[in-house]
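Student: I've just opened this one and would like to go through it with you. Can we settle the vocabulary before anything else?

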Amino acid sequence: MSDKPKLFVPSSWSRRRFLRNSATFAAAGVASGVSGFPFINKLPVRAQDAPLKFWQFYAPGGQVKPQVDWFEKMVADWNDSHEQKVELEFVPNKEYINGPKLATAFASGQGPDIFIISPGDFLRYYNGGVLQDLTPYIDEKARADFPESVLATRMVDGKIYGLPMEVEPMAMYYSVKAFEDAGLNENDVPKTWDELLELGKKLTTPERYGLLFQTAPGYYQNFTWYPFLWQGGGEFQGADGKSAFDSPATVQALKFWQDAINSGAAPRQVLGNGANDSVANLASGYCAIQNVGIWAIAQLKNNAKDFPYGVFRLPTPANGKYVTVGGGWAFVANAKGRNPEAAGQFCAWALASTEQGSVDRVATWCTEAKSDMPPRDSALKAREAAFGEGMIGKFARDIHPGTRAEPRVPPEVYKIISDAIQQTMQGGADPQATASAASQQLDAYLASYSGAPLL
């Protein structure tokens, strides 16, 4: 690997497609700035009375009806009480997360007025000048209702640019039937990486993999790999601002996922929408244990309600410390859109108002429409009983307390880490050599980086 930072290429693009789109961007005079985000600084041409477009992957075409209903009710409630209307525009999950549609829309000046982003993609849009400052629309009392750790990755210089709708810690889910068929029960859940690999091999059959991690490159794969890096004390950036990626913790985390594949316990490909899809992978019988987040509770309840399963916290390496990662999507407004002020007001009204309707909206999303930990203290209090029982209760008691926020990194840093995971997990590369080469790339990029701080 070269020590020269690589140009960011969305993970779903083939080389041929990247070259074709690069030519398109070049012809339009688009340059890639510090964020790796191509952006044309011009306003979209739209009718002045047109509704604001809200892009997301939940409604109206989503597969989980309570989530569709939640989004549609939210927008209907806003439209009933505000002159500026909002309209939902559905983008399929795969295309939204790993596809080029969102970035391409902004590159052509046709980005949505409102959209959702994860912390992992925050710097692409902030450094690209896309995000509207939401601070003026948020009451101080409402702001204090969000724990600082929840807002931190959506803030720059004390200003809020994204409002989280959820906190989503990762765990391991297992099939009760697969355990029973192997003569196992909940007392046999693994506590260490070695125990997890051994159990994965034991649960593997000609028809089923014992263990499943995300195999396709993308922001989601990085997100799910970070806790394994952290558990051994690893980081991708040190306190001095330089790369800390070349470490024993990085090497063992890369090797752990590589060993899962090489042992035959884990697949090289996953089903459905990816390893975030518990119905297509775990409930279908494709795997016995799946690394997935709290949202899988709602997935299984709505689309595989008769499937018996259990949950346990992420195992740790020898002498390691339990950590999981907490992601979650946030509402953001387009600073270059047709009506940034109204878009910002909508985001604050929906998720960060002191009105009871806003609190109830967040609480309902996290307990009924989806299964998440709430980003607001008042929402947690409003559904205190729900967070004390069942699988969500287990997350609240046992899994969530070890949560560390998903990092925010520029696309170039994401890509370097993603390449390292792919080269070792799928390509069989030496973990130590890969970590060293990736660290050199990170150092070269970080030395010239001038955007908002990495967190």
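Tutor: Helices and strands here are DSSP runs, H or I over at least four residues for a helix and E over at least two for a strand, numbered from the N terminus. The model is predicted, so to speak of local features we require pLDDT of at least 70 and count side-chain atom pairs only at pLDDT 80 or more, while totals for chains, interfaces and linings use all residues. Residues are numbered from 1 along each chain as its sequence is written, and side-chain values use heavy atoms, with hydrogens and water left out.

Student: OK, how many helices and strands does the chain have?

Tutor: The protein chain has 19 helices and 12 strands. Of its 455 residues, 58% are buried, where buried means under 20% relative accessible area, exposed over 50% and partly exposed in between, with a 1.4 Å probe and protein chains only. Taking a contact as heavy atoms within 4.5 Å, 75% of the contacts between residues at least 6 apart in sequence join residues at least 24 apart.

Student: What about cavities, how many of 30 Å³ or more turn up?

Tutor: A search of the whole structure gives 1. A cavity is a set of points on a 1 Å grid over the protein atoms alone where a 1.4 Å probe fits but cannot get out, and its lining residues have an atom within 4 Å of a point. Grid points are joined across faces, edges and corners, and the volume is the space filled by probe spheres set on the points; by that reckoning the largest cavity comes to about 40 Å³.

Student: And which helix gives the largest share of the lining?

Tutor: That is α10, residues 219-231, which supplies 4 residues. The complete lining consists of G120, Y219, N222, F223, Y226, E406, P407, V409 and Y414. It divides into 6 nonpolar, 2 polar and 1 charged, where Ala, Val, Leu, Ile, Met, Phe, Trp, Tyr, Cys and Pro count as nonpolar, Asp, Glu, Lys and Arg as charged, and the others, Gly among them, as polar.

Student: Switching to the sheet with 5 strands, what's the order?

Tutor: The order is β2-β1-β3-β11-β6, in an open sheet with mixed pairing, and two strands pair if DSSP finds at least two bridges between them. β2 (86-90) and β6 (163-164) are at the edges, and because each has a single partner strand, one side of each lacks a neighbour in the sheet.

Student: How many bridges join β6 to β11?

Tutor: There are 2, and the strands run antiparallel, β11 being residues 330-333. P164 sits opposite A330 in β11. Helix α14 (residues 340-351) packs on this sheet, touching β1, β2, β3 (114-117), β6 and β11, and its direction makes about 160° with that of β11. Such angles run from 0 to 180 degrees between N-to-C directions, with axes as lines fitted to C-alpha atoms, for helices over the stretch in contact. Helix α2 (residues 65-81) lies across β1, β2 and β11, and runs at about 160° to β2.

Student: Then β10, which strands does β10 pair with?

Tutor: β10 pairs with β7 (residues 168-175) in the antiparallel sense over 2 bridges, and with β12 (residues 403-405) in parallel over 3 bridges. P169 has G326 of β10 as its bridge partner, and T324 is partnered by T403 in β12. Both faces of β10 (residues 324-327) are covered, with T324 and G326 buried on one side and V325 and G327 buried on the other.

Student: Is T250 buried or exposed?

Tutor: T250, which is in helix α11 (residues 248-262), counts as buried because its relative accessibility is 0%. Leaving out residues up to four places away in sequence, T250 touches W225, L229, E235, A244, F245 and A435.

Student: Any backbone oddities, say, what's the peptide bond from A59 to P60 like?

Tutor: That bond is cis, with omega near 5°, and P60 lies in the loop between β1 and α2. D157, not a glycine, has a positive phi of about 55° and belongs to the loop between β4 (155-156) and β5 (159-160); with a relative accessible area of 73%, D157 is exposed. N319 likewise has a positive phi, near 65°, in the loop between β9 (309-312) and β10, and is exposed at 86%.

Technical notes. On a 1 Å grid over the protein atoms alone, a cavity is a set of points where a 1.4 Å probe fits but cannot get out, and a pocket is an open set with protein on both sides within 12 Å along at least five of seven lines; lining residues have an atom within 4 Å of a point.
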